[in-house]
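Here are a few exercises to try with the model open in your viewer. Have a go at each task before you read its solution.

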Amino acid sequence: MRVVTPAARLEGTLRVPGDKSASHRALILSALANGSSVLEGLSEGEDVRSSAGILSALGARVEWGSDLVTVEGPSEGLRATTLDLDCGNSGTTMRLMSGVLAGVEGRHRLVGDASLSARPMDRVARPLSLMGAFVEGVGERVHAPLLVTGRASLEGIEYEVPVPSAQVKSAVLLAGLHASGVTVVRETVRTRPTTERMLLAAGADVDIDESESGRRVVVRASRPHPRHWRVPADPSQAAFFVVLGVLHPDAVIHLEPMDDAPERIGFLHVLERMGAQLEVTTSEEGVRVTARSSHLRATEISSREIPSVDEVPILAVAAAGATGRSYFREMGELRLKESDRFAGSLRLAAALGCEVGSEGDDFWIEGRGDPQRFAPLALDAGLDHRMVMSSAVAGVVGQGARIEGESTVSSSYPHFFEDLDGLRA
Ligand code: S3P
């Protein structure tokens, strides 16, 4: 259990960890390449370590230095293993790796922790089976342990991703690197473009078409080249500190440049709409944000603004501190994350003393008007890193927090509590 105390004042500059999404993909694309790649700024979270461990078991050489990671992709390509491939808590690892393994001849077994084993894998099993791989799991929603039987040559498909999901899009694109003909993935709601952009940067045969109606990505069989990857900072981690800065009554927090993909920074627009005092500057290095103490007012938030819904739990804390009733619309996907974050966000706001309610996939939170009016928080975060960090922020700006399950923060942000405490002035 972790006890978090309120802070009198917060001040400082922070570089949050390397983007988790880009880190998984930099490892994967380097392992698929023939030769040696250098990875800079990689996330040190356990999720990314899980991906690295699996790629090593498949024949890539991964060496962790103090600042740089080097990855040597085997010239003959990744090879099958009968070892259990442990994805830990990481949905990104299991879904992206399914796409990779679909193109590696042999039978592979992917396992995960209790949280991951409760998450549906049918969303990747379906398109990968259409491409000629065989993906089996437990029950109708295809839960882990997952058996992926890969084939050296898959068939290209045209696939419209039925739920906005960068992980599903990416699994199909990665399998498409080993497919005959063309593989086309369409999305009507644009999700983070990390995979297609990085495939392009690595010289794979990819086209990206943006239009009014969404995005279309086309990939043909090709092999990524080895290269030097520079991983930007993770906006979904910065979001905790942006909300911390705006909710706290005496705070100035500067965040060093982070990934600027529009699909990743929707939370900044939501907070600005709520009256947050943010200085947002964009440069070649990414988006830099300064967050200052603000009075927030309620707003209406659609999942389309935040396609992965990763920042919803921390925006629920922002709504809990705002004046008025905030509405969160079309938030069904929250139920399928590391924990049921739909229920978790409501539980968190209610534990802070807010009135809350829900109907179907929508929910609302009646803000306390001032985080000083939060109740002292006691929450079990389960196996969900974002629920830990959201609770900690609520505790620092409010009346403290007692958090069970805090160690799960290491899946994405091992130094979170040190960084948080470093801002206490
Ligand atoms: C991710 C995609 C998102 C997000 C996750 C990382 C990725 O999941 O929630 O934290 O790296 O592709 P979905 O694809 O389920 O939206």
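**Exercise 1.** Work out how domain 1 and domain 2 meet in this predicted model.

*Solution.* Start with contacts: 20 residues of domain 1 touch 22 residues of domain 2. Next, get the bounds straight: domain 1 is 2-16 + 233-422, and domain 2 is 20-213. Their centres, taken over C-alpha atoms, sit 29 Å apart. Now the area: about 1,900 Å² is buried between the two, with carbon and sulfur atoms giving 46% of that. On the domain 1 side, Glu263, Leu336 and Ser411 supply 26% of the area buried against domain 2, more than any other three residues. Finally, count the polar links: there are 3 salt bridges between the domains, and 11 residue pairs are in polar contact.

**Exercise 2.** Decide whether serine 165 is buried or exposed, then describe its surroundings.

*Solution.* First, find serine 165 in the loop between β11 (158-160) and α5 (166-176). Its relative accessible area is 7%, and the cut-off for buried is under 20%, so serine 165 counts as buried. Then look further along the chain: serine 165 contacts Arg123 and Thr191, leaving aside neighbours within four places in sequence. Its C-alpha is 6.9 Å from that of serine 308, though 143 residues separate the two along the chain. Last, a polar atom of the serine 165 side chain lies 3.3 Å from the backbone nitrogen of glutamine 167.

**Exercise 3.** Find which helix gives the most to the largest nonpolar core.

*Solution.* The core has 74 residues, and Leu271 is among those with the most contacts inside it. Helix α7 (residues 235-247) gives the most, with 9 residues.

Notes. Residues are numbered from 1 along each chain as its sequence is written. This is a predicted model: local features need pLDDT of at least 70, side-chain atom pairs count only at pLDDT 80 or more; totals for chains, interfaces and linings use all residues. Side-chain values use heavy atoms; hydrogens and water are left out. A nonpolar core is a set of buried Ala, Val, Leu, Ile, Met, Phe, Trp, Tyr and Cys residues joined through side-chain atoms within 4.5 Å. Buried means under 20% relative accessible area, exposed over 50%, partly exposed in between (1.4 Å probe, protein chains only). Helices (H or I, at least four residues) and strands (E, at least two) are DSSP runs, numbered from the N terminus. Contact means heavy atoms within 4.5 Å. A polar contact is a pair of N or O atoms within 3.5 Å; within protein, one must be able to donate a hydrogen and the other to accept it, and residues adjacent in sequence count only if both atoms are side-chain atoms. Domain bounds come from an automatic or database domain assignment. Buried area is the accessible area (1.4 Å probe) that two parts lose on being put together, summed over both. A salt bridge is a side-chain nitrogen of Lys or Arg within 4 Å of a carboxyl oxygen of Asp or Glu.
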